Each structure stands twice: as C-alpha cells, then as structure tokens.
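User: I should like to go through this structure and learn how each label attached to it is justified.

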Amino acid sequence: MGKNRFETKLKNENNTYKELFLRNPQNPILSAKDWPYPVNTVFNPAATMFHGKVLLLARVEDRRGFSHFTKAISDDGVGNWQIDQMPTLEPDPGNYPEERWGIEDPRITWLAELGKWAITYTAYSRGGPLVAMVLTNDFIHFERFGPLMPPEDKDAALFPRRINGKWALIHRPITANYVPGAHIWLSSSEDFTHWGDRQVLMHARRGGWWDGGKVGLAAPPIETAEGWILLYHGVRQTCSGSLYRLGLALLDLDNPMKVLHRSDEWVFGPTEWYEREGDVDDVVFPSGWVLDDKTGLLKMYYGGADSCIALATASVGDLLEYIKRCPEPLDEALY
Ligand code: BMA
C-alpha cells in the first residue's frame, strides 16, 4: 500500500525498468500458413503440458467465419509443431445447437482429481456467446458437458482443484442494457452442471482507464503459495476500435473471491506488427500459459490481432513480486 506506480515496477541489474514479459524472437510462432489445411486464421490458443511436451489447442477460424480447435504439440514450446492434419474438436450443432456458429477461445485446466483436462470455451449460439465445457484425457476423445452458463458469457476457466469442496469457475457475463461494463465473475459447482454462489470477482474500471469498460480472464489462474495469479485482458474503446491489453491480480489462496492486489497499469500490450495489424487490429489475447516448475519460467501463448499465435515468457517470481507491490483494489465506486 502507498506505493506510487513507479515504485511498483521491477528493475534490472543496471537500474533500468524491467519488462515482465519478453517476446520470443521467432514470433509469430504459428499462423495460417503453417496449417495443414486451408484456414483463415489461427489464434487465441489454450495451452497445457501433455506427456512432457507443450500442447496448444488453437482456435482456428475457417473461411466461413466459424471457429474450431486444432492441437499442435512441440518439445520446446517454440518450434517444430506437430499439428493435427484435420480439426481436433469441431462444433457439433446437430447435437449441441449452441455451437451453430462455432467454438472459440478455449482454456485448458488439468484436474488432477479426475485425471482429465477440462476445456472451457465459448460456444457461439444464435442467442449469443455462452460458456461450454468438455473433458478429455487424450485430446482425441472429448466428453461434452454442453453449456455451463447462458449467453452472453465468455472467457471462462476452472481452477485446477476444488476450493472449499466445490469446483470454481471464472467467467465473464455481460449485461448489455444496464450499468455498462463487462466484469469478471466467479461461480461454483459440485458437479459441473448446477452452478451457484455467483459473485462479481473483479469489475472493469471506467472512464480513461486502460481497462475501462470490459475485462475478462486471459489464461487460467496459476496457484502459488501466496495466492492465485490472475492474468486478465482489459479493453479500451478508442476511435479506431478496441485496444486489448493485459493486467494482473492476486487472489487469496483459500478464498479466491478476495482480490488482494490489482495492477493499476497494464503489463503487456500490442506493440509489434503481428499484434497491431490483422483481422482485428491492436489485440493481444492470451488464453493459455505453461509453467516450468524447475525454472519458474512461464510461457504465455497469445493471439496477435486475431490472426496468429505468439509467445512471451515471464518469471513467475517476477510476476508475484510485481503484483504484491500493486495496490489493494479500490472500492469500485472510486474507479
Ligand atoms: C473478444 C473475443 C476474442 C477476440 C477479441 C478481439 O471478444 O471474441 O476471441 O480475440 O474479442 O477481437
């Protein structure tokens, strides 16, 4: 508390300010030209470790405008991607009508208790986008749960373990016609079917803030001894469109409804050509990251301008140190 915004920043050994995330020089690491079949774009991937390798589940948009998911696996998480020759998980509107206009923006959480990965994603229904889920233990076969949340709702991920006996889901409903703003919510369930305990976890700020108007979960929360690291995107509406950047928050380990710290400033935003120009300009949109427990290094995978996949790395220790220097969140009315 009481620190000004320059004091929150980390410094390098030579006393210059440190960037928390470093872009990979090979960026963009994946795009439509790498795909084994014709597609419009490849972006916003989920990520997990799978048999010691990095597995990305990319959102792939076809030339109708509908999205599906295709997996790509790499030893080092940077190059030599083995990409499925055909879509890995396609919308199934015959059985799941909410997937009529595609499935988008997956997030993966490993659920050790079940020995399965949960993939939460946006199903694009005629009534608007909603949150749906599948479980898998091999990324070949998928057990569909259908919708978890009604429209309009997106940007969802499960926590990796039950908290106080229940599964907890971060998601982002929108209430269009009332107080404007799209806020991050938390709900819980014992069976993935019946959801309750719904509460707003973090509000979008207002006015001139970089995240004034809209916030949503980016990659799934990461558990540390000091709390859950929450990476989120914030949207600013400008004359030339929406500007997507990233912020950090720290949630209490035993009660993730409690936001301990929230960054005032954004920590990553579109600056490179593949982030600034594409189907949707000025967007960085991570939906997955993997942590190497031995080195403490995080690989964050993100969509650039809704057109490609890029990689940036960060030290989890740096993220924690930075976020702990950030203020406790203000009362919403003060934003
Ligand atoms: C959001 C989502 C993302 C997309 C972003 C920017 O609403 O639909 O898939 O990357 O907009 O277009």
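User: Why is F192 called buried or exposed?

Analyst: This is a predicted model. F192 has a relative accessible area of 7%, and buried means under 20%, so F192 is called buried. F192 is found in the loop between β13 (184–189) and β14 (195–202).

User: What makes the phi of F192 worth noting?

Analyst: Phi of F192 is positive, about 70°, although F192 is not a glycine. Most residues other than glycine have a negative phi. N44 also has a positive phi, near 35°, and is likewise a residue other than glycine.

User: Where is N44 found, and why does N44 count as buried or exposed?

Analyst: N44 is found in strand β3, residues 41–50. Its relative accessibility is 2%; the limit for buried is under 20%, and therefore N44 counts as buried.

User: Which peptide bonds are cis, from N27 to P28 and between P151 and E152, or trans?

Analyst: The bond from N27 to P28 is cis, with omega near -10°. P28 is found in the loop between β1 (22–23) and β2 (30–31). The bond that joins P151 and E152 is also cis, with omega of about -10°. E152 is found in the loop between β10 (143–149) and β11 (153–158). Most peptide bonds are trans.

User: How do you know whether the radius of gyration of the protein agrees or disagrees with that of a compact globule?

Analyst: For 335 residues, a compact globule would have a radius of gyration near 20 Å. The protein has 19 Å, which agrees. Its C-alpha trace spans about 55 × 45 × 45 Å along the principal axes.

User: How many helices and strands does the protein have, and what percentage of its residues is buried?

Analyst: The protein has two helices and 22 strands. Buried residues make up 54% of the 335 residues. Among contacts with a separation of 6 or more, 51% are accounted for by residues 24 or more positions apart. The protein exposes about 15000 Å², and carbon and sulfur atoms supply 49% of that area.

User: How many positive and negative charges does the protein have, and how far apart are their mean positions?

Analyst: There are 35 positive and 45 negative charges, and their mean positions are 2 Å apart.

User: What makes up the largest nonpolar core?

Analyst: The largest nonpolar core has 29 residues. Those with the most contacts inside this core are F21, I229, L231, L248, W289, M300 and L319. The elements that give two or more residues to the core are β17 (227–238), β18 (241–251), β20 (284–292), β21 (297–304), β22 (308–315) and α2 (316–325). The largest share, five residues, comes from α2.

User: Which residues does F21 touch beyond four places away in sequence?

Analyst: F21 touches L231, V267, F268, M300, A312, T313, A314 and L319.

User: Why is P286 called buried or exposed, and which residues beyond four places in sequence are in contact with P286?

Analyst: P286 has a relative accessible area of 0%; as buried means under 20%, P286 is buried. The place of P286 is in strand β20. Its contacts beyond four places in sequence are R107, A218, A219, L231, L246, M300, Y301, Y302 and G303. P286 and L330, 44 residues apart in sequence, are 26 Å apart in space, C-alpha to C-alpha.

User: Why is M133 called buried or exposed, and what does M133 touch?

Analyst: The relative accessible area of M133 is 0%, against a limit of under 20%, so M133 is buried. The place of M133 is in strand β9, residues 128–136. Not counting residues up to four places away in sequence, M133 touches A118, I119, T120, Y121, E143, R144, F145, G146, L148, L158 and F192. M133 and L148 are 15 residues apart in sequence and 6.9 Å apart in space, C-alpha to C-alpha.

User: Why does L22 count as buried or exposed?

Analyst: L22 has 54% relative accessibility; exposed means over 50%, and therefore L22 counts as exposed. The place of L22 is in strand β1. Leaving aside neighbours within four places in sequence, L22 is in contact with L311, A312 and T313. L22 and W289 are 267 residues apart in sequence and 14 Å apart in space, C-alpha to C-alpha.

Definitions and conventions
Residues numbered from 1 in each chain as written. Predicted model: local features only at pLDDT ≥ 70, side-chain atom pairs only at ≥ 80, totals over all residues. Heavy atoms only, no water. Helix = DSSP H or I, 4+ residues; strand = E, 2+ residues; numbered from the N terminus. Rg over C-alpha atoms; globule rule 2.2 N^0.38 Å. Buried < 20%, exposed > 50% of the residue type's maximum accessible area, 1.4 Å probe, protein only. Contact = heavy atoms within 4.5 Å. Areas by Shrake-Rupley, 256 points an atom, 1.4 Å probe, with all protein chains shown as cover. Lys, Arg positive; Asp, Glu negative; His and termini not counted. Charge placed at Lys NZ, Arg CZ, Asp CG, Glu CD. Core = buried A, V, L, I, M, F, W, Y, C linked by side-chain atoms within 4.5 Å.
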